[in-house]
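Please open the model in your viewer and keep the sequence panel beside it, since this tour moves from the whole chain to individual side chains.

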Amino acid sequence: MSKNNEENRKKHKKKIDQKKRKIQNAEAERKARLKQIREDFRAREADSKL
């Protein structure tokens, strides 16, 4: 019985770790996209001032 509990714990931990990784990746992509938008905006502002 204890072996089964240990396996369930490992599976559960793996699932949680995958969810955490997925969230972290999504957050990194969101930050990169926002950074790109800001850079594009600044570039357009600089072009319009010229």
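Throughout this tour, a residue is called buried when its relative accessible area is under 20%, exposed when that area is over 50%, and partly exposed in between. Please also bear in mind that what you have on screen is a predicted model.

**The whole chain**

Begin by selecting the protein chain in cartoon view, where the secondary structure comes to one helix and zero strands. Turn on the C-alpha atoms and align the view with the principal axes, along which these atoms fill a box of roughly 75 × 5 × 5 Å. The radius of gyration of the protein chain is 22 Å, whereas a compact globule of 50 residues would have one near 10 Å.

Next, switch to a surface representation of the protein chain, which exposes about 5,300 Å², with carbon and sulfur atoms supplying 53% of that area. What share of the 50 residues counts as buried? The share is 0%.

**The charges**

Now colour the side chains by charge: the protein chain carries 19 positive and 9 negative ones, and the centres of the two sets lie 8 Å apart. A search of the whole structure finds three salt bridges, and the remaining stops visit them in turn.

**First stop: E6 and R9**

Select E6 and R9 and show their side chains as sticks; the two form a salt bridge in which the closest N and O atoms are 2.8 Å apart. Both belong to helix α1 (residues 2–49), and because they are three residues apart there, about one helical turn separates them. R9 counts as exposed at 52% relative accessibility, while E6, at 36%, counts as partly exposed.

**Second stop: K13 and D17**

Move on to K13 and D17, which form a salt bridge with their closest N and O atoms 3.1 Å apart. These residues are four apart in helix α1, so the separation between them is about one helical turn. K13 is exposed, with a relative accessible area of 51%, whereas D17 counts as partly exposed at 26% relative accessibility.

**Third stop: E27 and R30**

Finally, select E27 and R30, whose side chains meet in a salt bridge at 2.6 Å, N to O. Where do the two residues sit relative to each other in helix α1? They are three residues apart, and therefore separated by about one helical turn. R30 has a relative accessible area of 36%, which means that it is partly exposed, and E27 is likewise partly exposed, with a relative accessible area of 34%.

Key. Residues are numbered from 1 along each chain as its sequence is written. This is a predicted model: local features need pLDDT of at least 70, side-chain atom pairs count only at pLDDT 80 or more; totals for chains, interfaces and linings use all residues. Side-chain values use heavy atoms; hydrogens and water are left out. The radius of gyration is taken over C-alpha atoms; the globule rule is 2.2 Å times the number of residues to the power 0.38. Buried means under 20% relative accessible area, exposed over 50%, partly exposed in between (1.4 Å probe, protein chains only). Accessible areas come from the Shrake-Rupley method with a 1.4 Å probe; for residues, only the protein chains shown count as cover. Lys and Arg count as positive and Asp and Glu as negative; His and the chain ends are not counted. The place of a charge is taken as NZ of Lys, CZ of Arg, CG of Asp or CD of Glu. A salt bridge is a side-chain nitrogen of Lys or Arg within 4 Å of a carboxyl oxygen of Asp or Glu.
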